[in-house]
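Work through these exercises with the structure open. Try each task before you read its solution.

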Amino acid sequence: MSTRSPKSPGWLDWYRDPSVPAFRLPAGSVDSHCHVFGPQAEFPFAAERKYTPCDAGRDELASLHAHLGVSRAVVVQATCHGADNTAMLDAVRAAGGRARGIATVRPDISDADLRALDAAGVRGVRFNFLRRLVDTSSLEDLATIAGRIAPLGWHVVLYFESADLPGLEGFFRSLPTPLVVDHMGRPDVSLPVDGPQFSRFLRFVGSHDVWVKVTCPERLSLTGPAALDGERSAYADVVPFGRRVVQEFPDRVLWGTDWPHPNLTGHMPDDGLLVDHIPHIAVTPEQRRRLLVDNPMSLYWPGEDV
Ligand code: 0GY
């Protein structure tokens, strides 16, 4: 039995009453980046976690997706659950084939356990380099994990700060799987979109088998959610970055909500507003269809119809 822990100080709960987006998601749209937290009483958080969130379970995630018009989901293991993937797997199972999972595993995981994860719908592992979230495993351990999962056809999801890319890029290039980068590599959006930092990121993406999640404008934005010019162009300072990635790599971009939005203390986004961000970064119907439907289907449900 676990002891129930209080939320981390300043923790903001997810938005309870999201607006109806003005932008209608195309049929078959996929949320390629979301999490579940607990519920703690059923799925205790890991002892080594760096934060204690509010509960945000699979049923609440399903309700949000129904509200927004999302058809399928990729549930990414949240760091508060460590390498205990049971809450994430429960959410994937409950979706009956319409969800996939991204797990956290240790290098000594057995082949049988890896196969069981695969059968349950897991298609990748996440390597997290944010020290505020995890005590990152050694590169040696991560390379071992990548070698173990490559035969399954899985990919590695990378979460890093843009300032850390120069030091990590060589390691990333050595990995034997496709790579999927969270939140556009967390650019500093106060810097120019065509400046050295983001240009380096785009070169990395262009020179390797890298997919990019154009996610988390709310996490990256300095201007925040206020609508500008009477339009719902919230998070306006992030728009040029998302738009640039979508234009350059239309076949390798993914979109997601990041619900229930871990570790936000300034403001909690209205998930409806996040959907309304999409047409600002994917400006043509063709770009939107690839971002929301074709790309995630080919990565997570290859060969399946929408
Ligand atoms: C995200 C971002 C964050 C947290 C986690 O697993 C997590 O705890 O991913 C963050 O705090 O930046 O992708 O949800």
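**Exercise 1. Find the ligand's polar partners.**
Task: Find how far an oxygen atom of the ligand is from an N or O atom in the side chain of D258. Then do the remaining partners.

Solution.
Step 1. For D258, an N or O atom of the side chain is 2.6 Å from a ligand oxygen.
Step 2. Turn to N263. One of its polar side-chain atoms lies 2.8 Å from an oxygen atom of the ligand.
Step 3. Now take R219. Here the distance from a side-chain N or O atom to a ligand oxygen is 3.2 Å.
Step 4. Widen the view. There are 15 residues around the ligand, and D258 is among those that come nearest, with H35, Y51, T79 and Y159.

**Exercise 2. Describe a helix pair.**
Task: State how the axes of helix α5 and helix α6 cross.

Solution.
Step 1. Locate the helices: α5 covers residues 165–174 and α6 covers residues 196–206.
Step 2. Their axes come within 12 Å and cross at roughly 0°.
Step 3. Angles under 35 degrees count as roughly parallel, so α5 is roughly parallel to α6.
Step 4. List the contact residues. Helix α5 gives L165, P166, E169, F172 and R173, while α6 gives R200, F201 and F204.
Step 5. Sort them: 5 are nonpolar, 3 are charged and none is polar.

**Exercise 3. Check the confidence.**
Task: Which helix has the lowest confidence in the chain, and which strand the highest?

Solution.
Step 1. Remember that this is a predicted model.
Step 2. The chain has a mean pLDDT of 96, and 97% of its residues reach 70 or more.
Step 3. Confidence is lowest in helix α9 (residues 271–281), with a mean of 95.
Step 4. Strand β1 (residues 30–34) is highest, at 99.

Terms used:
Residues numbered from 1 in each chain as written. Predicted model: local features only at pLDDT ≥ 70, side-chain atom pairs only at ≥ 80, totals over all residues. Heavy atoms only, no water. Axes fitted to C-alpha atoms, helices over the stretch in contact; angles between N-to-C directions. Helix = DSSP H or I, 4+ residues; strand = E, 2+ residues; numbered from the N terminus. Parallel < 35°, antiparallel > 145°, perpendicular 65-115°, else oblique. Contact = heavy atoms within 4.5 Å. Nonpolar A, V, L, I, M, F, W, Y, C, P; charged D, E, K, R; others polar. pLDDT = per-residue confidence, 0-100. Near = heavy atom within 4 Å. Polar contact = N/O pair within 3.5 Å; in protein donor to acceptor, adjacent residues only side chain to side chain.
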